[in-house]
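Here is a note on the structure for a first-year reader. Please keep the model open while going through the numbered points.

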Amino acid sequence: MVETSGGRWRLHLHGQRRSAAAFLAANKTLLAAVWVAGFALVFLWQSASVFVAGGGGGPRPAPAPSRPAPRLRPMAYNLTDFGGVGDGRAVNTRAFERAVETVSAFADQGGAQLNVPPGRWLTGPFNLTSHMTLFLAEGAEILGITDERDWPLMPALPSYGYGRERKGPRFGSLIHGQNLKDVVITGHNGSINGQGEVWWLKHRRRMLKNTRPPLVQLMWSKDIVITNITLRNSPFWHFHPYDCTNVTVSDVTILAPISGAPNTDGIDPDSCEDVLIENCYISVGDDAIAIKSGWDQYGIAYGQPSSNILIRNVTVRSLVSAGISIGSEMSGGVANVTVENVRIWDSRRGVRIKTAIGRGGYIRNISYSNITFDNVRAAIVIKVDYNEHADDGYDRNAFPDITGISFKKIHGWGVRVPVRAHGSNYIPIKDITFQDMSVGISYKKKHIFQCSYIEGRVIGSVFPKPCENLDVYDEQGQLLKSGAVLNSTEVDYDI
């Protein structure tokens with residue numbers, strides 16, 4: 001119905017609304033059918049760009065194109081060029097060996113690159129060579145063979161004098177190298193999987209006569225880069241650089257079950273110098289990162305410290321051990337370590353220093369800053385009675401020296417014990433500093449900081465209340481209170 005008023009048109013919609021409502025009510029079935037047909041047509045039109053015709057089996061998803069491997073060396077090869085088969089069943093040990101032999105011929109020409117395409121590449125242990133890039137494509141997985149008979153035995157490390165778990169020789173790593181220079185392991189987050197479940201079970205049942213193998217171990221090498229890959233389920237430690245110089249580990253994920261996977265440390269720099277570990281995520285069955293330098297008299301005789309190590313921007317978890325450890329094998333010394341911008345969550349311990357009589361050596365100039373603890377049982381632990389020895393030949397008068405340990409900007413919540421720092425009469429903890437610390441605790445106890453044979457200072461605001469052993473300074477560095485000599489404390493031995 002249309003009327004005119006004052007020369008203007010005015011549209012009356014009331015009747016039209018009633019008519020439309022009546023039409024919709026009378027034709028619900030017809031409209032529903034039209035809507036379903038229209039949706040189906042749109043879906044089929046959109047699917048045309050996603051599906052391709054399949055031979056006899058109807059439409060199937062088109063495989064997503066894999067990203068091409070960048071060429072990082074003058075020459076590049078694919079593992080398939082050497083007979084590799086990535087079906088998860090064929091054994092590719094010889095293919096890797098032939099590939100590495102070919103790569104080694106280009107050492108004087110800038111090296112060469114070995115690309116591992118998408119697939120599951122089962123292999124026994126193999127060695128790398130200098131001036132080599134091992135590139136793991138997206139969807140590529142190197143799988144360690146599970147039969148221990150395919151793993152070679154190697155002599156004990158000279159700074160350990162012992163296979164670490166068993167006397168005598170030790171199993172070599174899945175990916176290995178000695179006396180190398182300029183080695184890169186990288187990719188589009190492909191993975192190296194040690195398939196360690198069989199090894200863990202045999203270890204628990206004491207069925208192994210030799211120490212389990214690491215996943216990746218490089219020895220006496222320099223200029224090492226590991227980046228943009230995933231390491232998982234190592235039989236033993238995941239990445240073990242031994243007596244190496246200039247090592248970078250960046251944007252690496254390391255995964256193993258948080259229980260039932262014994263000694264599956266994430267990254268263990270051992271007698272290494274100039275190491276950078278950054279932007280990593282590590283969740284494993286032992287220490288996420290552990291800095292080492294040899295064991296008892298063997299490490300003292302080898303005499304090669306770990307020094308100049310920077311750990312930053314990492315997230316770690318260790319339900320049975322610690323997020324970041326120093327020791328316990330530190331007999332060659334550990335010095336000049338910086339740990340910053342680290343989150344440790346759902347862990348038994350946060351950061352830990354562990355040593356014992358017989359280790360000798362030193363731990364000095366260690367700096368922790370901007371550390372966040374989230375649901376950690378014991379946040380900071382220093383322990384000097386970690387009495388696990390290679391044999392009975394250790395020197396009972398070899399006392400490690402612990403001095404110059406700094407904690408600044410330490411925060412967290414859900415922490416049971418914020419600090420447990422117990423030196424001894426023979427191994428006192430010297431020159432320790434706590435500054436800007438606030439940790440929300442989940443367990444009330446008379447002595448929240450647990451300390452003995454420790455001397456150092458508290459600067460500014462520190463919560464919970466620190467132990468009485470420490471001098472107290474204000475933010476301007478003015479001494480407010482001298483520490484008392486208290487060498488016994490209420491100890492919670494359940495951490």
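**Notes on the predicted model**

1. Start with Asp 431, which is partly exposed, with a relative accessible area of 31%. The model is a predicted one. Asp 431 belongs to strand E32, which covers residues 429-441. Its phi is positive, at about 55 degrees, although Asp 431 is not a glycine. As general background, most residues other than glycine have a negative phi.

2. A second residue to check for its backbone angle is Tyr 453. Phi of Tyr 453 is near 50 degrees, again a positive value in a residue other than glycine. Tyr 453 sits in the loop between strand E33 (449-452) and E34. Is Tyr 453 buried or partly exposed? Tyr 453 counts as partly exposed because its relative accessibility is 28%, and buried would require under 20%.

3. Gly 423 should be read together with Tyr 453. The two are 30 residues apart along the chain, and their C-alpha atoms are separated by 4.8 Å. Gly 423 lies in the loop between strand E31 (417-422) and E32. With a relative accessible area of 10%, Gly 423 falls under the 20% cut-off and is therefore buried. Neighbours within four places in sequence aside, the contacts of Gly 423 are Val 384, Ile 429, Ser 452 and Tyr 453.

4. Two peptide bonds need a look. Most peptide bonds are trans. The bond joining Gly 327 and Ser 328 is cis, with omega about 0 degrees. Ser 328 is in the loop between strand E27 (322-327) and strand E28 (334-354). The bond from Phe 463 to Pro 464 is also cis, and its omega is near 0 degrees. Pro 464 is in the loop between strand E34 (454-463) and strand E35 (471-473).

5. Now the chain as a whole. How many helices and strands does the protein chain have? There are five helices and 36 strands. Of the 495 residues in the protein chain, 51% are buried. Among contacts with a separation of 6 or more, 74% are between residues 24 or more positions apart. The accessible surface of the chain comes to about 22,100 Å², and carbon and sulfur atoms account for 53% of that surface.

6. Next, the nonpolar cores. In soluble globular proteins, nonpolar side chains tend to be buried together. The largest nonpolar core here has 104 residues, and those that touch the most other members are Leu 128, Leu 134, Ile 192, Tyr 368, Phe 373, Ile 380 and Phe 434. Strand E29 (residues 362-383) gives the most to this core, namely nine residues. Another core, apart from this one, has nine residues, including Tyr 160, Tyr 162, Trp 237 and Trp 295.

7. Leu 128 serves as an example from the largest core. Not counting residues up to four places away in sequence, Leu 128 touches Val 100, Leu 134, Ile 175, His 176, Leu 180, Val 183, Ile 185 and Leu 218.

8. One helix residue is worth a separate entry. Thr 93 is in helix H3, which runs over residues 93-104. Thr 93 counts as buried because its relative accessibility is 18%, which is under 20%. Beyond its neighbours within four places in sequence, Thr 93 is in contact with Leu 122, Thr 123, Gly 124 and Pro 125.

9. On enclosed space, the count comes to one cavity of 30 Å³ or more. The largest cavity has a volume of about 110 Å³. Which residues lie nearest the centre of the largest cavity? They are Leu 157, Gly 163, Arg 164, Arg 170 and Phe 236, out of 14 lining residues. By class, this lining has seven nonpolar, four polar and three charged residues.

10. Last, an open space. The second largest pocket holds about 250 Å³. It is lined by 17 residues, and Arg 164, Asn 263, Asp 286, Tyr 386 and Glu 388 are the closest to its centre. The lining of the second largest pocket divides into eleven charged, three polar and three nonpolar residues. Arg 164 is named for the lining of the largest cavity and for that of the second largest pocket.

How values were computed
Residues numbered from 1 in each chain as written. Predicted model: local features only at pLDDT ≥ 70, side-chain atom pairs only at ≥ 80, totals over all residues. Heavy atoms only, no water. Helix = DSSP H or I, 4+ residues; strand = E, 2+ residues; numbered from the N terminus. Buried < 20%, exposed > 50% of the residue type's maximum accessible area, 1.4 Å probe, protein only. Contact = heavy atoms within 4.5 Å. Areas by Shrake-Rupley, 256 points an atom, 1.4 Å probe, with all protein chains shown as cover. 1 Å grid on protein atoms, 1.4 Å probe; cavity = no way out; pocket = protein on both sides within 12 Å on 5 of 7 lines; lining within 4 Å. Points joined across faces, edges and corners; volume = space filled by probe spheres on them. Nonpolar A, V, L, I, M, F, W, Y, C, P; charged D, E, K, R; others polar. Core = buried A, V, L, I, M, F, W, Y, C linked by side-chain atoms within 4.5 Å.
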